[in-house]
Amino acid sequence: DMVFTDPPYFLSNDGFTIKSGKISSVNKGSWDRLENNDQLNVFNETWISSIRNLMKDSATIWISGTSHNIFSIGNALKKLDFKILNIITWEKINPPPNFSTRTFVHSTEHIIWARKHEKTAHYFDYDLMKQINNSKQMKDFWRFSAAGGWENNNSRHPTQKPLSLLCRIILASTKI
């Protein structure tokens, strides 16, 4: 009925960031490195195509990313005939500071919500989303803290998502 995926952002570039107040390498492993943008596009088309083959016709997919990979993902979805429903902007209330001081603080991630087919209906619990948003229509701009504390005590995932974000996605697009 619904897929959520958090593919590699390909941020490993021998740079540094701040984690828990300490300077830390951005390198996550060889799986997080690419030689060029063509490699990124092939990677995204390949895994999205594989998932598409397993999805129900009425299923939707949610894909998280940053400016480093989200445009390639959007292009792959279009190329594979998905219908993009929304691009959610997730503002992190507590982003890490910008160590380089050469750009604005990266405080957002994007989540593309798409359905498998242009004309096949998908499930969306509009009423519940309105109810949990003080009886107002839910916007495509969401504010949540990044995962922290108890949420990532047992995880080594470099971009773990907060439970509150995933709960909203599941409630919005599945019949639970």
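## Salt bridges in this model

A salt bridge here is a side-chain nitrogen of Lys or Arg within 4 Å of a carboxyl oxygen of Asp or Glu. Side chains of opposite charge can pair when their charged atoms come close. By that definition, the structure holds 7 salt bridges.

Do keep in mind that this is a predicted model, in which local features need pLDDT of at least 70 and side-chain atom pairs count only at pLDDT 80 or more, while totals for chains, interfaces and linings use all residues. Residues are numbered from 1 along each chain as its sequence is written, and side-chain values use heavy atoms, with hydrogens and water left out.

## A buried pair between two loops

Let's begin with K161 and D6, whose salt bridge has its closest N and O atoms 3.0 Å apart. The two residues are 155 residues apart and link distant parts of the chain: D6 sits in the loop between β1 (2–5) and β2 (16–19), and K161 in the loop between β7 (141–144) and α4 (163–173). Helices (H or I, at least four residues) and strands (E, at least two) are DSSP runs, numbered from the N terminus.

Both K161 and D6 are buried. For these classes, buried means under 20% relative accessible area, exposed over 50%, and partly exposed in between (1.4 Å probe, protein chains only).

## Strand to strand, and a shared network

K92 and E109 also meet through their side chains, in a salt bridge of 2.7 Å from N to O. Because K92 belongs to strand β5 (residues 83–92) and E109 to strand β6 (residues 108–115), this pair ties together parts that are 17 residues apart in sequence. K92 counts as buried at 16% relative accessibility, and E109 is buried too, with a relative accessible area of 4%. Nicely, salt bridges with shared partners join D6, K92, E109 and K161 into one network.

Strand β5 also contains E91. The side chain of E91 is joined to that of R143 by a polar contact of 2.7 Å (a pair of N or O atoms within 3.5 Å; within protein, one must be able to donate a hydrogen and the other to accept it, and residues adjacent in sequence count only if both atoms are side-chain atoms). Leaving aside residues up to four places away in sequence, E91 touches S107, T108, F141, W142, R143 and F144, where contact means heavy atoms within 4.5 Å.

## A bridge between two helices

Finally, E45 and K79 form a salt bridge through their side chains, at 3.2 Å from N to O. The pair links distant parts of the chain, 34 residues apart, with E45 in helix α1 (residues 37–54) and K79 in helix α2 (residues 70–79). E45 is partly exposed at a relative accessible area of 25%, whereas K79 is exposed, at 56% relative accessibility.
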